[in-house]
Amino acid sequence: IGVLLKQSVLIFFLSFPLYAALVRPRGIRWMKLIGPQVVGVAIFIVLISPMVIWDARHGWPMLAHTLGHLGAGGDQTGRTNSGNPLIWLGNTVGGIVGAFGPPCIIIMIWACMRVWRRKQEEPDRWRDAVWLMSAAIPSTAFFILLSFIKPVVPSWPLPAMVSLVPLMAELASEELAHFEEKLAGWRR
């Protein structure tokens, strides 16, 4: 996940408290949730260690750049962003919509709304679906909110939204099955 999110991996850690707030701590199977994450973090550290070592040897320019976007110095120090925040917001949201297409955005929202309606039917699947939503929401929201104060490259939030694909696929398969049933009924 970290390689996919690149510098945004720090924002991904907000997914854990969001998930806990949505599911409520007594419903979380912490060992099932955290165990694979620990293994993933270990593998991630091994894979990125060459980049971290390079960054450390050269004065942490990648870290400084990432923190600079949050106003913490780095190569962004003294940089002023001229322009209109509404245009920056429009570019960010428009880039997301343009990358996926309006139908895909509608299906993402529909799939997320459907998760809430199914809470009582299948609690285990519901918690899994909430985790997928929790993985997408913080990063997407962060970059949309950041675009109110500075220009954001519209592709930055896209990797986090990949976690919504399984929810969309489940929705599509169920809706296609309902459509096939209706179609079969019309043919009779």
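The following legends describe close-up views of a predicted model of a helical protein.

**Figure 1. Overall composition and confidence of the predicted model.** The protein has ten helices and zero strands, where helices (H or I, at least four residues) and strands (E, at least two) are DSSP runs numbered from the N terminus. Read along the sequence, the pattern is α-α-α-α-α-α-α-α-α-α. Of the 188 residues, 32% count as buried; buried denotes under 20% relative accessible area, exposed over 50%, and partly exposed the range in between (1.4 Å probe, protein chains only). Among contacts with a separation of 6 or more, 71% join residues 24 or more positions apart, a contact being defined by heavy atoms within 4.5 Å. The mean pLDDT, the predictor's confidence in each residue from 0 to 100, is 81, and 82% of residues reach 70 or more. Among the elements, helix 1 (residues 2-5) has the lowest mean pLDDT, 57, and helix 6 has the highest, 91. Where pLDDT is low, the predicted coordinates should not be read in detail. Residues are numbered from 1 along each chain as its sequence is written. In this predicted model, local features need pLDDT of at least 70 and side-chain atom pairs count only at pLDDT 80 or more, while totals for chains, interfaces and linings use all residues; side-chain values use heavy atoms, with hydrogens and water left out.

**Figure 2. Helix 7 and its buried residues.** Helix 7 comprises residues 102-117. Its 16 residues should span 22 Å at 1.5 Å a residue, and the end C-alpha atoms are 23 Å apart, which agrees; the expected span is 1.5 Å times one less than the number of residues. The buried residues of helix 7 are C104, I105, M108, A111, C112, R114 and V115. Their cover includes helix 6 (85-100), helix 8 (123-146), helix 9 (158-161) and helix 10 (165-187).

**Figure 3. Environment of R114 in helix 7**. R114 counts as buried because its relative accessibility is 7%. Its side chain makes a polar contact with the side chain of E174 at 2.5 Å. A polar contact is a pair of N or O atoms within 3.5 Å; within protein, one must be able to donate a hydrogen and the other to accept it, and residues adjacent in sequence count only if both atoms are side-chain atoms. Leaving aside neighbours within four places in sequence, R114 is in contact with L167, E170, L171 and E174.

**Figure 4. Packing of helix 7 against helix 10**. The two helices pack at an angle of about 85 degrees, with their axes 9 Å apart. Axes are lines fitted to C-alpha atoms, for helices over the stretch in contact, and angles run from 0 to 180 degrees between N-to-C directions. Helix 7 is therefore roughly perpendicular to helix 10; angles under 35 degrees count as roughly parallel, over 145 as roughly antiparallel, 65 to 115 as roughly perpendicular and the rest as oblique. C104, I107, M108, W110, A111, R114 and V115 of helix 7 meet L167, M168, E170, L171, E174 and E175 of helix 10. V165, which lies in helix 10, is partly exposed, with a relative accessible area of 46%. V165 and I107 are 58 residues apart in sequence, and their C-alpha atoms are 9.7 Å apart.

**Figure 5. Helix 10 and its packing with helix 8**. At 1.5 Å a residue, the 23 residues of helix 10 should span 33 Å; the end C-alpha atoms are 32 Å apart, in agreement. L167, M168, E170 and L171 are buried in helix 10, and the buried residues of this helix pack against helix 7 and helix 8. The axes of helix 8 and helix 10 come within 9 Å and cross at roughly 130 degrees, so helix 8 is oblique to helix 10. R125, A129, L132 and M133 of helix 8 meet P166, L167 and E170 of helix 10.

**Figure 6. Surroundings of A136 in helix 8**. A136 is buried, at 2% relative accessibility. Not counting residues up to four places away in sequence, A136 touches A160, M161, S163 and L164. A136 and L158 are 22 residues apart in sequence and 9.0 Å apart in space, C-alpha to C-alpha.

**Figure 7. W60 in the loop between helix 4 (30-57) and helix 5 (61-68)**. Phi of W60 is near 60 degrees, a positive value in a residue other than glycine. W60 counts as partly exposed, with a relative accessibility of 38%.
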